[in-house]
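Q: Hi! Could you walk me through this one before I head back to the bench?

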Amino acid sequence: MSAVRIQVINPNTDPGMTETIGAAARAAAAPGSEILAVCPAEGVPSIEGHFDEAVAAIGVLEQVRAGREQGVDGHVIACFGDPGLLAARELAQAPVIGIAEAAMHMATLVATRFSIVTTLPRTLIIARHLLRQYGFSEHCAALHAIDLPVLALEDGSGRAQQMVRERCIQAMRQDGSGAIVLGCGGMASLARELTQELRIPVIDGVGAAVKMVESLAALGLSTSKHGDLAWPERKALSGKFQSLYPC
């Protein structure tokens, strides 16, 4: 397979989390694949609700346009809410993969049931919405939250990482799940270690999405421009929104 350039978008504005996500993407990527880890210049520092997702989605679309102009072979939206995913697919010719969708797909390939471990309890509702949207509700045994904000994963204390580990152990013992999905891009670096410790697949959506982009590129598949994912209809948008349209 020829070299693949993958744009990995952290939809929040935190540079430390962008580095964490970029490192996880590079660790998963095939030799020769190039990872371009980016985040919006404006928006929210973390994404923990519907409002945050709505704000972040504009930054995602701006980054997708920039990646398209750079000729990338695929885009990854590295937030577990998959903010702006379908809108991004309208703007993109190359594949666009959200990490929640990718992780859930991968989990069903290696287990009949999976559990999700995420950050704040309020985000469990968003995860349930995605499970229904993607058709995986019956595959998910349970959802767990560590009850810490997203940026606790970047504070250097290690407390959030330890709580993720404890919730994963709890999920394995109580839920009867064959796999665990990590429900935040900031947890990406934990997957391999937890997989080895728990001896069940612990799936990071960042790595899963990168491998999906590589596979689609190898198969010569891109985002369909027939039907609802066709290029957006041109309208008289104002301000910076006008610049989002494809050239």
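A: Sure, here is a short chat about a sheet and a pocket. This is a predicted model, where local features need pLDDT of at least 70, side-chain atom pairs count only at pLDDT 80 or more, and totals for chains, interfaces and linings use all residues. Residues are numbered from 1 along each chain as its sequence is written, and side-chain values use heavy atoms, with hydrogens and water left out.

Q: Cool. What order do the four strands of the open sheet have?
A: The order is S2-S1-S3-S4, with parallel pairing. Strands here are DSSP E runs of at least two residues, helices are H or I runs of at least four, and both are numbered from the N terminus; two strands pair if DSSP finds at least two bridges between them.

Q: And which strands are at the edges?
A: Strand S2 (34-38) and strand S4 (96-98), each pairing on one side only.

Q: How many bridges join S1 and S3?
A: Four, in the parallel sense, between S1 (residues 5-9) and S3 (residues 74-77). Val 8 stands opposite Val 76 in S3.

Q: Switching topic: which residue classes line the largest pocket?
A: Its lining has eleven nonpolar, three polar and three charged residues. Nonpolar means Ala, Val, Leu, Ile, Met, Phe, Trp, Tyr, Cys and Pro; charged means Asp, Glu, Lys and Arg; the others, Gly among them, are polar.

Q: Why does the largest pocket lie between the domains?
A: Because domain 1 (4-98 + 207-219) and domain 2 (100-205) both give residues to its lining. Those bounds come from an automatic or database domain assignment.

Q: Which elements supply at least two residues of that lining?
A: Helix H1 (15-28), H4, helix H7 (191-198), strand S8 (202-204) and helix H8 (205-219) each do.
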